[in-house]
Amino acid sequence: MFGYINANTSSLSPEEETRYKEAYCGLCHALGTRMGQHTRMALSHDLTFLSLLLMSLYEPEEQKQTTACIMHPLTKNSWSQNEYLDYAADMTVALAYFKLLDNWNDDRSRVSRLASATLKRRWLEVSERWPRQAQAIEAGMQAITRIEQDDHDSPDAAANAFGLIMGEIFVYQNDFWENPLRMMGRQLGRFVYLMDAAVDLEEDRKKGSYNPLLHAEFTTEEIHQILTVYMGYVTEVFEKLPLVEDVNLLRNVLYSGVWQRWNAIQESKEGN
């Protein structure tokens, strides 16, 4: 949804980079196949991570293909196909639909309103397939909208609401792993929302847009400490999961990839 849960490809081995691309392209193909070609525009690295996590945990049989695609017609790419990539495609569309509605509410963007209309039927399909997740997404996004419209002064309110959304999305099914996955998703959702607020802080200050950090007046060091604590909660749960396949790739995302935009901004500030 926000694009922070991404791999640091500069630190991946060639094999790990290939594997990451297989999942990313697999998610793209799942979107086109299940939801229509236009939904590929909602493709997200965030949900690529989720699909890799679930694949590592549940170890499904994977089908792999090597083809050209509508996005890269001149290049053949290898991509994976399984139920967890299909699930990630459904969640991608659900989040994209409500993000577009949120853009409309915030900026009265006619483009976002029209785009959300093209996804409404797909959202209804997802809500029928995954009612628990759909209910959490809808309720959470409505809560975030109210918090932003009320200019809530708590830096945690909207982050907690987005955490509840991600917690339910991370739970693919109700089984032995649902509690750790829900906890991991909640903490990662809180991290992502606050990271997005930190990255957009100066721009939101200039525009007068809602940003929970504007009320708190934290220093850069304090924001970094808060984000580090959130990510510490995430990795604590992650390291207890019995993951073998792609575990180093997943660690790359959590220990390095999620910090890439933060580090780029700090380096830019130092350069000025």
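1. A search of the whole structure, which is a predicted model, finds zero disulfides. For context, a disulfide is a covalent bond between the sulfur atoms of two cysteines. Two cysteines may be placed beside that result: Cys-25 counts as buried, at 17% relative accessibility, and Cys-28 is buried as well, with a relative accessible area of 8%. Both assignments follow because buried means under 20% relative accessible area.

2. On the overall fold, the secondary structure of the chain comes to twelve helices and two strands. Read along the sequence, the pattern is α-α-β-β-α-α-α-α-α-α-α-α-α-α, which places the two strands after the second helix.

3. As to overall dimensions, the chain has a radius of gyration of 18 Å, which agrees with the value near 19 Å that a compact globule of 272 residues would have. Taken along the principal axes, the C-alpha atoms fill a box of roughly 50 × 40 × 40 Å. Of the contacts between residues at least 6 apart in sequence, 71% join residues at least 24 apart.

4. Turning to surface and burial, buried residues make up 52% of the 272 residues in the chain. The chain exposes about 13400 Å², and carbon and sulfur atoms supply 49% of that area.

5. The largest nonpolar core has 87 residues, and those with the most contacts inside it are Phe-49, Leu-53, Ile-137, Ile-169, Met-184, Phe-191 and Tyr-193. Helix α3 (residues 83-107) provides the largest share of this core, with 13 residues. Tyr-193 can be followed further: leaving out residues up to four places away in sequence, Tyr-193 touches Phe-2, Ile-144, Glu-148, Ala-158, Ala-159, Phe-162, Tyr-210 and Pro-212.

6. Helix α5 (residues 131-149) deserves its own point. The helix has 19 residues and reaches 27 Å from its first C-alpha to its last, close to the 27 Å expected at 1.5 Å a residue. The buried residues of α5 are Gln-133, Ala-134, Ala-136, Ile-137, Gly-140, Met-141, Ala-143, Ile-144, Thr-145, Ile-147 and Glu-148. In reading such a list, it helps that an α-helix has 3.6 residues a turn, so residues three or four places apart point the same way. Among the buried residues of α5, Ile-137 is also one of those with the most contacts inside the largest nonpolar core, while Ile-144 and Glu-148 both touch Tyr-193. Just after α5, Asp-151 takes a positive phi of about 55 degrees.

7. Two further residues with positive phi should be inspected together. Glu-59, although not a glycine, has a positive phi of about 50 degrees, and its place is in the loop between α2 (45-58) and β1 (63-67). Asp-246, also a residue other than glycine, has a phi near 65 degrees, and is found in the loop between α10 and α11 (247-255). Their surroundings contrast, because Glu-59 is exposed, with a relative accessible area of 58%, whereas Asp-246 counts as buried at 13% relative accessibility.

8. Which residues does Thr-235 touch, not counting residues up to four places away in sequence? Thr-235 lies in helix α10 (residues 220-238), and under that restriction its contacts are Leu-254 and Tyr-255. Thr-235 is itself buried, with a relative accessible area of 11%, a value that falls under the 20% limit for buried residues.

Definitions and conventions
Residues numbered from 1 in each chain as written. Predicted model: local features only at pLDDT ≥ 70, side-chain atom pairs only at ≥ 80, totals over all residues. Heavy atoms only, no water. Helix = DSSP H or I, 4+ residues; strand = E, 2+ residues; numbered from the N terminus. Expected span 1.5 Å × (residues − 1). Buried < 20%, exposed > 50% of the residue type's maximum accessible area, 1.4 Å probe, protein only. Core = buried A, V, L, I, M, F, W, Y, C linked by side-chain atoms within 4.5 Å. Contact = heavy atoms within 4.5 Å. Disulfide = S-S within 2.5 Å. Rg over C-alpha atoms; globule rule 2.2 N^0.38 Å. Areas by Shrake-Rupley, 256 points an atom, 1.4 Å probe, with all protein chains shown as cover.
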